[in-house]
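Student: I am new to this structure and would be grateful for a close look at a single part of it. Please take one strand and describe its surroundings in a connected account.

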Amino acid sequence: MTQKSVVIENATGLHARPASLFVQKANEFQSDIFIIKDGNKINVKSILGIMAAGISKGTEITIQADGPDEEAAVNALVELVENKFGEE
């Protein structure tokens, strides 16, 4: 299992377009991937789960993956967050 924590910095948080980009990127990997926020584990491959979590700007999340490409998956998703989903 691989995991890294990151802070959401884009203005809209993980809503609509950024959530869609997050799910699309996650689905490129075979590993099981989750966001951990406030002790809740959210399946990253489910846009409804991500949007229901209410992840806004300034929220710290942990991206966790378990599987054959877990390290690449975590790194790609952290990079997407750090690049503010291309919004700014």
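**Strand E4 and its surroundings**

Tutor: In strand E4, Ile61 is the bridge partner of Val6. The model is a predicted one, and the description that follows should be read in that light. The pair just named belongs to a longer pairing: strand E1, residues 2-7, is joined to E4 by six bridges, and these strands run antiparallel. E4 also pairs with E2, again in the antiparallel sense, over five bridges. Asp32 stands opposite Asp66 of E4.

As for cover, E4 is mostly hidden, with five of its seven residues buried. In soluble globular proteins, nonpolar side chains tend to be buried together. Here the largest nonpolar core has 26 residues, and among those with the most contacts inside it are Leu14, Phe22, Ile33, Ile35 and Ile63. Strand E4, spanning 60-66, is one of the elements that give two or more residues to this core, along with helix H1 (16-26), strand E2 (32-37) and helix H3 (70-82). The largest share, seven residues, comes from H3.

Leu14 shows how this core is put together. Apart from its neighbours within four places in sequence, Leu14 is in contact with Ile8, Ala19, Phe22, Ile35, Ile50, Met51, Ile55 and Phe85. One of these contacts, Met51, also belongs to a nonpolar patch on the surface, which Met51 forms with Ile47 and Leu48. Together the three have about 280 Å² of accessible area. Ile47 lies in helix H2, residues 47-52. With a relative accessible area of 33%, Ile47 is partly exposed.

Definitions and conventions: Residues are numbered from 1 along each chain as its sequence is written. This is a predicted model: local features need pLDDT of at least 70, side-chain atom pairs count only at pLDDT 80 or more; totals for chains, interfaces and linings use all residues. Side-chain values use heavy atoms; hydrogens and water are left out. A nonpolar core is a set of buried Ala, Val, Leu, Ile, Met, Phe, Trp, Tyr and Cys residues joined through side-chain atoms within 4.5 Å. Buried means under 20% relative accessible area, exposed over 50%, partly exposed in between (1.4 Å probe, protein chains only). Helices (H or I, at least four residues) and strands (E, at least two) are DSSP runs, numbered from the N terminus. Contact means heavy atoms within 4.5 Å. Two strands pair if DSSP finds at least two bridges between them. Patches are made of residues with over 30% relative accessible area and no salt bridge: like charges are joined within 9 Å, nonpolar side chains (Val, Leu, Ile, Met, Phe, Trp, Tyr) within 5 Å. Accessible areas come from the Shrake-Rupley method with a 1.4 Å probe; for residues, only the protein chains shown count as cover. A salt bridge is a side-chain nitrogen of Lys or Arg within 4 Å of a carboxyl oxygen of Asp or Glu.
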